[in-house]
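User: I would like a close look at one helix of this structure, with attention to its geometry and its packing. Please add a short account of a sheet for context.

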Amino acid sequence: MTTNPLISPLRPDTWRIDDGGVRFFLLCGTERALLIDSGMTVRDAKEIAQGLTSLPVSLLNTHADRDHTGSNDEFDAFYMHPDEEPVFRKNGHGGTILPVRGGDVIDLGNRPLTVVELPGHTPGSIGVYDEQNRVLISGDPIQQNGNIFMFGEHRNLARYIESLENLLPMLEKVDEIWPSHADLPVYPAVVPALIEGARKILGGELRGEPVDMHGRTVHRVDLGVTGMLIE
Ligand SMILES: [Zn+2]
């Protein structure tokens with residue numbers, strides 16, 4: 001089912017595009033524009049972006065889950081962490097992966113964006129730090145009032161905790177975090193709360209309540225700031 005995406009500005013030259021339960025972003029510099037993810041139900045994210053800017057549009061995926069790659073087939077090449085490739089291909093996509101890793105800078109022209117590695121939710125989950133706006137676009141690992149999926153293949157709770165711990169020092173430079181799901185914005189204080197909750201799950205202190213997820217029984221743990229879905 002395709003829904004009509006809802007487009008709203010967040011900053012000058014910056015839009016959120018809400019597509020059902022997920023959102024993606026368009027950021028423009030002086031030279032080019034970058035889509036961060038390509039939607040869940042939409043197959044025309046590039047056209048949507050071209051309706052908002054006349055700059056050439058590139059694509060970066062925070063990770064390869066299907067709700068973030070809806071329009072990838074519109075692009076010949078896209079930025080993605082190489083550890084996402086197996087799932088991305090398994091989902092039937094072609095195209096060329098332009099590999100990016102933590103610390104890589106993608107400059108849109110007067111707007112440098114830095115790649116931040118956040119593995120755990122998936123092996124190659126990444127975020128994007130927009131230093132001019134002091135914003136971290138985080139993908140799925142950081143959420144408030146949502147459900148962070150940590151059940152099934154490819155998830156790794158220990159790596160997830162490590163990722164968020166590694167993120168703590170840079171949060172001094174972050175005013176807002178823009179996740180792909182649930183609340184926007186969220187604030188850096190949510191990160192220590194996620195670390196604490198995830199540690200309790202890993203230590204067996206929190207088990208959660210069984211819930212049905214598309215015919216599969218998983219457990220929802222209430223971390224206070226958000227839910228986390230585990231086996
Ligand atoms: Zn997602």
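Analyst: The following account treats helix H4 and then an open sheet.

The model is predicted. Helix H4 comprises 13 residues, 190-202. At 1.5 Å a residue it should span 18 Å, and because its end C-alpha atoms are 18 Å apart, the expected and computed values agree. Just after H4, Gly204 adopts a positive phi of about 85°.

The buried residues of H4 are Val190, Val191, Leu194, Gly197, Ala198 and Ile201. They cover an arc of only 125° around the axis, which means that they lie on the same side of H4. An α-helix has 3.6 residues a turn, so residues three or four places apart point the same way. The partners of the buried residues of H4 include both helix and strand: they pack against helix H3 (157-167), strand S15 (216-222) and strand S16 (227-230).

As for the sheet, five strands form an open arrangement in the order S8-S9-S10-S11-S13, and their pairing is mixed. Strand S8 (105-107) and strand S13 (176-179) are the edge strands, each pairing on one side only. From one strand to the next, the twist averages 25°. Within this sheet, strand S9 (residues 112-117) and strand S10 (residues 126-130) run antiparallel and are joined by five bridges. Val116 stands opposite Gly127 in S10.

Technical notes:
Residues are numbered from 1 along each chain as its sequence is written. This is a predicted model: local features need pLDDT of at least 70, side-chain atom pairs count only at pLDDT 80 or more; totals for chains, interfaces and linings use all residues. Two strands pair if DSSP finds at least two bridges between them. Helices (H or I, at least four residues) and strands (E, at least two) are DSSP runs, numbered from the N terminus. Axes are lines fitted to C-alpha atoms, for helices over the stretch in contact, and angles run from 0 to 180 degrees between N-to-C directions. The expected span of a helix is 1.5 Å times one less than its number of residues. A residue is buried if 20 or more other C-beta atoms lie within 10 Å of its own, exposed if 12 or fewer, and partly exposed in between; C-beta atoms are placed from the backbone. The arc is that of the directions from the helix axis to the C-beta atoms. Two residues are in contact if their C-beta atoms, placed from the backbone, lie within 7 Å.
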